[in-house]
Amino acid sequence: MSELVTGEAVALELRPARLPSRALAVLLDLVAAMAVYVAVTIALVVSTASLDEAAQTALSIATFVLVLVGGPIAVETLSHGRSLGKMACGLRVVRDDGGPIRFRHALVRGLIGVIEILMTFGIVACIASFVSARGRRLGDVFAGTLVVRERIPVTRTGFVPPPPPWLAGRFSGLDLSAVPDGLWLAVRQYLTRMQQLDPQVGWSMAERLASDLAERTGAPVPQGVPPAAYLAAVVQERQAREARRAFGSDAAAATPPAATSATPPAATSAAAPATNGPVGTSGAQTVGETPAAQAPPAGAPEVVSEPSGGESRPAASPGGSAGGRPGTGFVPPA
């Protein structure tokens, strides 16, 4: 796979076309172009028999340029990188960022292709494709294009198990930029096949992959976290980042943060400010105005001041209210 980054910062995984498929596509294109060139040449010879030799030579050169050079350029421009041979082989010419090519890209590829394909019988193009990591010839290098495969064999991909809920969002601060694609592929293959492995072999593989991943991210594996769960959580974090990069911040709105999901209900209720308090002269109490540090200790009776200046009396106990409901501590003004 080759990762291309679009103008919208979306990473695309495309499979570059290799030399055999590209050579077959070029051969089909040359056969079609030569057939058209021979047919046009025969038609010109019959129709221009009365012209002198210089005019016939000029027409022959113009026919060669238009059919063998201008024809492929026009076809690739109109079909957005899919010539007859490329359509037969399932290939397409795209820009370096994964977008469709335009006339200037097809023009550069066509002009350089005359030198490295027609004049050298494809020797220069073959050497350049062998040297290039993505199989590009000189025309692709100068035009900023890449030939990719559109038809990829369908393979059954295994299911990547999700991490435990208590690990969701825990590794949101990891730096994953230094992790290579090969390591991601190895981790994904392990997670999809770990149920088929021997437990001891699977555990050792998970420890080795977790160690490599921690070394690339610069953060050690947390203690008490199984290596397989750590790998699943980091893979889920990478997928969440790719979703946010591709679809915006709303893509991860359904996943709660780790701090929210990890907070127990008891701690949440304990941290909430008390909404009941003494009623002042204004007859209203602002919620959360009284800090938690001023709350009376557990078991102590709550003292409520009468607004008319009377004596202070303890509030009703929680079990003494009517109907068995806990008391609110609210006293209506006299």
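Helix 1 crosses helix 2 with right-handed geometry, in what is a predicted model. To find the pair, look at residues 19-47 for helix 1 and residues 53-78 for helix 2. Their axes sit 10 Å apart and the packing angle is about 155°. Angles over 145 degrees count as roughly antiparallel, so helix 1 and helix 2 are roughly antiparallel to each other.

Now for the side chains and backbone that actually touch. On the helix 1 side you'll find Ala33, Met34, Val36, Tyr37, Val40, Thr41 and Leu44. They meet Leu59, Ser60, Thr63, Phe64, Val67 and Leu68 of helix 2. Sort the residues of this contact by character and you get 10 nonpolar and 3 polar, with no charged ones.

Further along the chain there's another pair to look at: helix 7, residues 181-193, and helix 8, residues 199-217. Here the axes come within 11 Å and cross at roughly 150°. By that angle, helix 7 is roughly antiparallel to helix 8. As for handedness, helix 7 passes helix 8 in a left-handed crossing.

What does each helix bring to this contact? Helix 7 supplies Leu183, Trp184, Ala186, Val187 and Tyr190. From helix 8 come Gly202, Met205, Ala206, Leu209, Asp212, Leu213 and Arg216. The breakdown for the contact of helix 7 with helix 8 is 9 nonpolar, 1 polar and 2 charged.

So, back to the two crossings: right-handed for helix 1 over helix 2, left-handed for helix 7 over helix 8.

Note on methods. Residues are numbered from 1 along each chain as its sequence is written. This is a predicted model: local features need pLDDT of at least 70, side-chain atom pairs count only at pLDDT 80 or more; totals for chains, interfaces and linings use all residues. Side-chain values use heavy atoms; hydrogens and water are left out. Axes are lines fitted to C-alpha atoms, for helices over the stretch in contact, and angles run from 0 to 180 degrees between N-to-C directions. Helices (H or I, at least four residues) and strands (E, at least two) are DSSP runs, numbered from the N terminus. Angles under 35 degrees count as roughly parallel, over 145 as roughly antiparallel, 65 to 115 as roughly perpendicular and the rest as oblique. A crossing is left-handed if the near helix is turned anticlockwise from the far one by less than a right angle, and right-handed if clockwise. Contact means heavy atoms within 4.5 Å. Ala, Val, Leu, Ile, Met, Phe, Trp, Tyr, Cys and Pro count as nonpolar, Asp, Glu, Lys and Arg as charged, and the others, Gly among them, as polar.
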